[in-house]
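Please examine the sequence and the structure shown below before reading on. The report that follows is intended as a guide to selected features.

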Amino acid sequence: MWRIIDLGNLAGAYATRLLAESGHDVIRVEPAGGDAVRRTGPFLGDVPDLEQGAFHHFLNAGKRSVSINPDTPEGWPLFLELVQTADAVVTSQRLPVDDEDTKADLVWTDIEEVQDELCAYARSGLLSLTGQREGRPMLMGGHIIYLAAGIQAAVGTAAALHVRRITGQGQRVRVSMQDCLETFVEQAMVEYTFSGTRTERRGNRGTITAISGALPCKDGHWVVSQINRPGRWEKFAEWVGDADLMGDPSLSSDDVQREKKDFIMDRVLAWSRQFTKSEIVEEGQRRRFPSSPVSTPLDLARDPQLKARGYLTETEDPRFGGIPFPLGTVARVRGQEMKPAPTLGQHNAEILGELGCSDAQRRALAETGAL
Amino acid sequence: MNPDHPPLSGVRVLDFGHVLAAPFCTRLLADLGADVVRVESSRHPDFPWPSSYRHPDGRHASYLNTNRNKRSVSIDLKHPAGRDVARRLAVAADVVVENFSAGVMERLGLEYASLKAANPGLVFASMSGYGHSGPRRDWTSMNMNLQGAAGLMQVTGAEGDPPTAISNSWNDYIGGLHTCYAIIGALTERKATGAGIHLDMGQFECSVSMIAPLVLFSAVNGRNPERMGNRSTRFAPQGVYRCAGQDEWCAVSVHDDAQWRALAEAVDEGVPDPGLAGDPRFATRSGRMRGHDEIDQRIEAWTRALESADVETRLKRAGVPAARMRRVQDLVENSAPSRAYREMDEPRVGSMLTTALPLELSASPLPPATPAPCLGQHTQEVLREWLDLPANELSELAATGALI
């Protein structure tokens, strides 16, 4: 088990959550007034409070919290002392710590998080790929792009910790979130550089395969995405039961499917409206057509697959009662328990005790504003 | 390990992956210095669909980017001798990665439970769509299915919009990155314990984690969060505005009152009537949140007459965060090309751009990019290195027809 000091914003906080999911001791160093992660909405119970942010509750689960203020004369040496006990630091803030000031085996990950989410998304090229065909381009929701960059930072930190385990050597890891975002444009980059093809937004009418799209049904939307293997088109047309689709043998060719995509999808749409998500998806899967629901976050909070696999674990919350808590993908696979996110400074006494501070010293530090 | 070596040097990875999720994951491992060997066969070409570029050797453009820095062995897994040699390679490996449907590795006799006895330290990563257990274990899925099932399409876009997708293989990247992280952690842990692990990473769960805060919100609040489109809960106005020309747009995000005044003055200069800057309704953030629709219309009345680059320049000069929408051609051709891509010598085409790992490690140099292998290019070499197979056994094996 490593000890990780966490001063991450949204991306860094997901990187360190992954480290907590791996069973490491992650200590979140937070300003006494709360940080941006705690202020990010929406809020559980709709209470805009530092202890109620949905992002805080997910991202800081499994961590300990200490409210050291490194910007005070007494807080800075205390922070450095904490760093001396650590195996890694993951930070999205620039801190004036030189390699000479730290142990040779310390892993130090600097994440350059983007200041402006929407502008960074526009610069990265991802905006040009997200949204409806010819419609207004859209930002990916839920601040997803920060979490996605956070996994890259976790990969870099884990690689450096692996080196440390073998050689005893620490090092600096640098992660630029803007670069991370741009790597996710790689398919469009390859298409363009090889053939000049410009990848466009295709919204709910499919990505790579001809027969693919998100279509309305009785209680929402479902997705069908079909690779054209021999004989599959006929089976698909038979399922849809549409005379026009069954009656035109030319439609079995991949090229014709692409050319007549809108016609085909309109026929499928007219048919699928009569079913619920679960009716049509279950039947599609029974017939081996890649089908899925379009899930809302509320659907996912009740999702049978996530429950069956233990990704959602029933947790007793003192304020909200029993809630299904998202354990996290790495915690689930390792069977790692995740403690609820800490209250601000919840572990001050415990962590200062580990640093050898007495209660009296701690109270004195609190009075200076360092805690 | 020499301190000047890449982080994963000496780690042997056997890659049974196809198309993207698993091959993307193993590319990350290769970028970190692992010895990645792909198990391939002419009987089952990877990515049998049309592609905008395909070399006579069958390799297509995306393959060249996804499988660089790897070696290839050709083994027919339908052949008993092929399965046997694949098994011996898996026993000699540190890591196995596969993204078959659940049950396929069992049918090949290559499942974790049976390999574990012979190779207790093996780290075995499975990356099927929904994982190897649960009611959807056997569901088939493509990238777009998972964009829908894991909630991405429903949290993207504004209230009332249809589900909104992204035109890339988002789930393969997110699944690949999570699995790469989990594999490195397992390798480190193994140094202390000697024990391997089966990492049954469903791509679905990896993608759900990306919106887990919103899932938690819905679990507690009993309703869905608002679909925000391009707006922010913290800043107003924020949006993507249409500019002059075909599909030209500029993103604008106003963080404080000073930026608002600067934006309003720029808009008023172009479209003076009625003035935005002096409108008392919009002086505060909460007022701008309430009047967001009207503000958006007024901003767009100004931007749509201007080039997107012009809007960006004017606003940035005035201190307002703004960025025109860049496309892939801007990332690769522009005077300031993306650092995410790097030129690589590739004999099939001379040279090509390939994705770089967006990480710098100060003490562990990352290996230079080498071109993707031809099918079976390294069969003999790898069987010799990993299995100490003498030449006569190699030719006997080849004679069975299992190495195609």
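The sections below treat the chain contact, the nonpolar cores, the aromatic rings, one helix with the loop after it, and the backbone in turn.

## The contact between the chains

This is a predicted model. Chain B contributes 134 residues to the contact, and chain A contributes 135 residues. Between them, the two chains bury about 11,700 Å², with 65% of this area on carbon and sulfur atoms. On the side of chain B, the residues that lose the most area to chain A are B:Met144, B:Ser167 and B:Tyr181, which together account for 7% of what that side buries.

## Nonpolar cores

In soluble globular proteins, nonpolar side chains tend to be buried together. Here, the largest nonpolar core has 165 residues, and A:Trp222 and B:Ile183 have the most contacts inside it. Helix H6 of chain A, residues 144-167, supplies the largest share of this core, with 14 residues. A second core, separate from this one, has 32 residues, including B:Val73, B:Leu77, B:Leu387 and B:Leu403.

What does B:Ile183 touch, not counting residues up to four places away in sequence? Its contacts are B:Cys25, B:Leu29, B:Val95, B:Val97, B:Val123, B:Ala125 and B:Leu199.

## Aromatic rings

Over all chains, the structure holds 18 aromatic pairs. In the pair formed by A:Trp233 and A:Phe236, the ring centres are 6.1 Å apart and the planes meet at 40°, so the pair is tilted: planes count as stacked under 30 degrees and as edge-to-face over 60. Both residues belong to helix H9 of chain A, residues 232-240, where they are three residues apart and therefore separated by about one helical turn.

Are these two residues buried or exposed? The cut-off for buried is under 20% relative accessible area. A:Trp233 counts as buried because its relative accessibility is 5%, and A:Phe236 counts as buried because its value is 1%.

The two rings also belong to a cluster, in which ring pairs link A:Trp222, A:Trp233, A:Phe236, A:Trp239, A:Trp271, A:Phe275 and A:Phe289. A:Phe289 in addition has A:Arg232 over its face, at 4.3 Å from the ring centre. A similar arrangement involves A:Arg17, which lies over the face of A:Phe58 at 3.7 Å from the ring centre.

## Helix H8 of chain A and the loop after it

Helix H8 of chain A, residues 186-195, is mostly covered, with seven of its ten residues buried. The buried residues are A:Glu186, A:Gln187, A:Ala188, A:Met189, A:Val190, A:Tyr192 and A:Phe194. After this helix comes A:Gly196, which has a positive phi near 75°.

A:Asn204 lies in the loop between H8 and strand E7 (211-217) of chain A. Because its relative accessible area is 16%, A:Asn204 is buried. Leaving aside neighbours within four places in sequence, A:Asn204 is in contact with A:Gln132, A:Gly213 and A:Ala214, and also with B:Met144, B:Pro162 and B:Pro163. B:Met144 was named above among the residues of chain B that lose the most area to chain A.

## Backbone features of chain B

Most residues other than glycine have a negative phi, and most peptide bonds are trans. Where does chain B have cis peptide bonds? One joins B:Ala236 and B:Pro237, with omega about -5°; another joins B:Asp273 and B:Pro274, with omega about -10°. B:Pro237 is placed in the loop between helix H10 (212-221) and strand E7 (238-242) of chain B. B:Pro274 is in the loop between helix H11 (257-270) and helix H12 (285-290) of that chain.

B:Asn69 is not a glycine, yet its phi is positive, about 65°. B:Asn69 is located in the loop between helix H2 (61-66) and strand E3 (70-74) of chain B, and it counts as buried because its relative accessibility is 13%. B:Asp247, also a residue other than glycine, has a positive phi near 55°. The loop that holds B:Asp247 runs between E7 and strand E8 (249-253) of chain B, and B:Asp247 counts as buried at 13% relative accessibility.

## Domains of chain B

The domain assignment of chain B gives domain 1 as 12-210 + 336-400 and domain 2 as 238-242 + 249-324. The C-alpha centres of these two domains lie 46 Å apart.

Conventions. Residues are numbered from 1 along each chain as its sequence is written. Chains are lettered from A and ligands numbered from 1 in the order in which they are written. This is a predicted model: local features need pLDDT of at least 70, side-chain atom pairs count only at pLDDT 80 or more; totals for chains, interfaces and linings use all residues. Side-chain values use heavy atoms; hydrogens and water are left out. Rings of Phe, Tyr and Trp (its six-membered ring) pair if their centres lie within 6.5 Å; planes under 30 degrees apart count as stacked, over 60 as edge-to-face and the rest as tilted. Helices (H or I, at least four residues) and strands (E, at least two) are DSSP runs, numbered from the N terminus. Buried means under 20% relative accessible area, exposed over 50%, partly exposed in between (1.4 Å probe, protein chains only). A charge sits over a ring if NZ of Lys or CZ of Arg is within 6 Å of the ring centre and within 35 degrees of the ring normal. A nonpolar core is a set of buried Ala, Val, Leu, Ile, Met, Phe, Trp, Tyr and Cys residues joined through side-chain atoms within 4.5 Å. Contact means heavy atoms within 4.5 Å. Domain bounds come from an automatic or database domain assignment. Buried area is the accessible area (1.4 Å probe) that two parts lose on being put together, summed over both.
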